[in-house]
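User: Take me through one part of this model up close, the packing between helices, and then tie it to whatever sits around it. I'm happy with angles, distances and residue lists, so don't hold back.

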Amino acid sequence: MADETPTPRRPVTEAQNPRTTDLDRLPVGELVQRILDEDAGVSAAVRAARPALELACLALVEALDAGGRWFNVGAGTSGRIGALDAAEIPPTFGLEPERVQAVIAGGPAALLGPVEGAEDDGPAAARELDKLGLGPNDAVVALSASGRTPFAIAALEHARRRGARAIAITCAPDSPLAKQAEIAIVAVVGPEVIAGSTRMKGGLAQKMVLNLLSTTVMVRLGHVDGNLMTHMIPASEKLRERGLRIVMSLGNLDRDGAVKLLAECEGSVAEATRYLHATGAARKAR
């Protein structure tokens, strides 16, 4: 008698891609083209999630504007992508580092290499968020391409218990993570070039979503003037030069005038921008 034990449904992220079953027999040029062809569809998948993207942006603006914090939570590639985007917020937009943070399964060691079994430790997510004092003013953004990672699912469950906003970023519709979320951003990119390798299309989609969220939220919070990063931290020669160009552009100033204003503002591009707006110079420059 045949075994009639039901088997769990395979997530779409684990499915075999019929367009790439001959990868190991392709010349390099064709192999590169196949990967590019698969990646080309990621943007459309993210675009299809626009309604959820808009809701997530509004929720994150509300949380940060009320003094809350934003936590990106994930394991493996998803966790590293969340950490990358969180790390870019302070230098690009001048927001304090504690306002947008990352929690990765396995801790800081997992940023540089695998920490075996960490993604399966759901209770660890709750413990880490409690260490950070997760509360009702905060927002948790949990990332998992498959939507089945216990660490990410537990993070959203804990967010709901604490009254925080619960947002999912996944590539799997009807997944446990999507069902647990208050707002589920689902970019359905389909099977990967290499079955299960969600560092590829899944990772690209998650990176696009986080870039969109963080940029939109920071613009809405006033950390961008026009399309200029006026709240950037000028911590290197390249960035100091960029800050100088921003002040020159906004204030319709020559280089010497911008250097003088920045010196008076102790090098703060944001402070110089506020001065230009207060005096009307920035508006005249537009």
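Analyst: Let's fix one term before anything else: two residues are in contact when they have heavy atoms within 4.5 Å. With that in hand, and bearing in mind that this is a predicted model, here's the overall frame. Residues 24 or more positions apart account for 67% of the chain's contacts with a separation of 6 or more. The chain has 12 helices and five strands, and its C-alpha atoms fill a box of roughly 85 × 50 × 35 Å along the principal axes. Of the 286 residues, 47% are buried.

Now the close-up. Two packed helices are described by the angle between their axes and the distance between the axes. Take helix 5 (residues 122-131) and helix 6 (residues 150-162): their axes come within 7 Å and cross at roughly 45°. That makes helix 5 oblique to helix 6, since an angle has to be under 35 degrees to count as roughly parallel and doesn't reach roughly perpendicular until 65. As for handedness, the crossing of these two helices is right-handed.

Who's actually touching? On the helix 5 side you've got G122, A124, A125, A126, L129 and D130, and across from them in helix 6 sit P150, F151, A154, A155, H158, R161 and R162. Sort the residues of this contact by class and you get eight nonpolar, two polar and three charged.

Staying in this neighbourhood, follow the chain out of helix 5 and you reach D138, in the loop that leads to strand 3 (139-143). Is D138 buried or exposed? Buried: its relative accessibility is 5%, and the cut-off for that label is under 20%. If you leave out residues up to four places away in sequence, D138 touches G68, R69, F71, G133, A164 and R165. For a sense of span, D138 and V32 are 106 residues apart in sequence, and their C-alpha atoms are 42 Å apart in space.

There's a second crossing to set beside the helix 5 and helix 6 pair. Helix 3 (residues 50-65) and helix 8 (residues 201-220) have axes that come within 9 Å and cross at roughly 50°. So helix 3 and helix 8 are oblique to each other as well, and helix 3 passes helix 8 in a right-handed crossing. Helix 3 brings L53, A56, C57, L60, V61 and L64 to this contact, while helix 8 supplies V209, L212, L213, T216, V217, M218 and R220. The class count for helix 3 against helix 8 is 11 nonpolar, one polar and one charged.

C57, one of the helix 3 residues in that list, takes us to the cysteines. A disulfide is a covalent bond between the sulfur atoms of two cysteines. Here a pair would need its sulfurs within 2.5 Å to be counted, and the count comes to zero. C171 is in no disulfide, and its nearest cysteine sulfur is that of C57, 17 Å away. C171 itself is buried, at a relative accessible area of 2%. Another cysteine, C265, is buried too, with 13% relative accessibility.

Move on from C171 and you come to a backbone oddity at D174. Where is D174? In the loop between strand 4 (165-170) and helix 7 (176-180). Its phi is near 60°, a positive value in a residue that isn't glycine, and D174 is exposed, with 59% relative accessible area. N252 does something similar: its phi is positive, at about 55°, though it's no glycine either. N252 sits in the loop between helix 9 (237-251) and helix 10 (255-264), and with 65% relative accessibility N252 is exposed.

Last stop, the start of the chain. E14 lies in the segment before helix 1 (28-39) and is partly exposed at 40% relative accessibility. Setting aside residues up to four places away in sequence, E14 touches A195 and G196. E14 and D39 are 25 residues apart along the chain, with 17 Å between their C-alpha atoms.

How values were computed:
Residues numbered from 1 in each chain as written. Predicted model: local features only at pLDDT ≥ 70, side-chain atom pairs only at ≥ 80, totals over all residues. Heavy atoms only, no water. Axes fitted to C-alpha atoms, helices over the stretch in contact; angles between N-to-C directions. Helix = DSSP H or I, 4+ residues; strand = E, 2+ residues; numbered from the N terminus. Parallel < 35°, antiparallel > 145°, perpendicular 65-115°, else oblique. Left-handed = near helix turned anticlockwise from the far one by under 90°. Nonpolar A, V, L, I, M, F, W, Y, C, P; charged D, E, K, R; others polar. Buried < 20%, exposed > 50% of the residue type's maximum accessible area, 1.4 Å probe, protein only.
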